[in-house]
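Q: I would like a close look at one charged contact in this model, and then at its surroundings. Could you take me through it step by step?
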Amino acid sequence: MNKLNRYLPDQKFLILLNRFILRYDESDCNKEKIVKDAYLFCVGYFLKYQQDYDNPHLTGSSNIIAVLSSALLSPNFHTIPETVSLERVLYFYKFIVEYIVWNEYEVEKSFTSQKKSYEPLINSEAHNIKLKKKL
């Protein structure tokens with residue numbers, strides 16, 4: 001991940017998502033499994049690194065579409081070196097969005113469950129930071 005520090009957050013997101021999809025492709029998983037797990041990857045990345053982009057007017061899964069779309073439409077997308085191929089992200093983008101749209105209840109349920117499981121980690125990290133400041 002250290003090599004990725006030179007990239008902007010949206011570039012990092014696309015590069016990591018592409019690597020994730022490529023690993024699944026190499027293991028010969030079917031497209032449906034790749035799409036579902038790519039969505040969960042997006043949720044995890046969003047909760048961990050991009051939660052400050054959360055739009056309160058959107059549902060959780062719609063925030064994922066917004067973040068993914070803005071990363072692909074960002075001018076930063078064109079500054080990613082050509083040595084980093086994002087073909088698989090571009091190919092699976094439509095399937096991820098389609099999965100979110102057609103499985104609204106399921107994706108919102110998994111987003112909420114991931115968010116609930118992630119909140120205790122955020123609270124404990126915040127508590128650890130406060131303790132370090134006191135010391």
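Which residue forms a salt bridge with Lys 36, and how far apart are the closest N and O atoms?

A: Happy to. The partner is Glu 32, and the closest N and O atoms of the two residues are 3.5 Å apart. That satisfies the salt-bridge rule used here, a side-chain nitrogen of Lys or Arg within 4 Å of a carboxyl oxygen of Asp or Glu. Before going further, please note that this is a predicted model: local features need pLDDT of at least 70, side-chain atom pairs count only at pLDDT 80 or more, and totals for chains, interfaces and linings use all residues. Residues are numbered from 1 along each chain as its sequence is written, and side-chain values use heavy atoms, with hydrogens and water left out.

Both ends of this bridge sit in helix H2, where Lys 36 and Glu 32 are four residues apart, about one turn of the helix. Helices here are DSSP runs (H or I, at least four residues), strands are runs of E with at least two, and the numbering starts at the N terminus. Glu 32 is exposed, with a relative accessible area of 52%, whereas Lys 36 is partly exposed at 30%. The classes are buried under 20% relative accessible area, exposed over 50% and partly exposed in between, with a 1.4 Å probe and protein chains only. Lys 36 therefore falls in the middle class, at 30% relative accessibility.

Helix H2 holds another contact of this kind. Lys 33 forms a salt bridge with Asp 37, and here the closest N and O atoms are 2.9 Å apart. Lys 33 and Asp 37 are also four residues apart in helix H2, so about one helical turn separates them. Lys 33 is partly exposed, with a relative accessible area of 40%, but its partner Asp 37 is buried, at 16%.

How many salt bridges are there in total? The count comes to three. One of them joins the side chains of Asp 25 and Arg 88, at 2.6 Å from N to O. This pair links distant parts of the chain, since Asp 25 belongs to helix H1 and Arg 88 to helix H4 (residues 87–102), 63 residues apart. Both ends are partly exposed: Asp 25 has a relative accessible area of 24%, and Arg 88 has 26%.

Now to the rings. A search of the whole structure finds 10 aromatic pairs. Rings of Phe, Tyr and Trp (its six-membered ring) pair if their centres lie within 6.5 Å; planes under 30 degrees apart count as stacked, over 60 as edge-to-face and the rest as tilted. Among the pairs, Phe 20 and Tyr 24 are tilted, with 4.9 Å from centre to centre and 40° between the planes. These two residues are four apart in helix H1, so they are separated by about one helical turn. Both Phe 20 and Tyr 24 are buried.

Helix H2 adds a pair to this list too: Phe 41 and Tyr 45 are stacked, with 6.3 Å between centres and 25° between the planes. Both belong to helix H2 (residues 31–49), again four residues apart, or about one turn of the helix. Tyr 45 is buried, with a relative accessible area of 6%. The residues of these two pairs belong to one aromatic cluster, formed by Phe 13, Phe 20, Tyr 24, Phe 41, Tyr 45 and Tyr 49.

Between those helices there is a backbone detail to look at. Asp 28 lies in the loop between H1 and H2. Although Asp 28 is not a glycine, it has a positive phi of about 60°. Asp 28 is exposed, with a relative accessible area of 69%.

Further along the chain, Ile 64 lies in helix H3 (residues 60–73). Ile 64 is buried, with a relative accessible area of 2%. Its C-alpha atom is 9.0 Å from that of Asp 54, a residue 10 positions away along the chain.

To place your contact in the whole, the protein chain has five helices and zero strands. From the N terminus on, its elements run α-α-α-α-α. Of its 135 residues, 36% count as buried. The pair you asked about, Lys 36 and Glu 32, lies within helix H2, whereas the bridge of Asp 25 and Arg 88 runs from helix H1 to helix H4.
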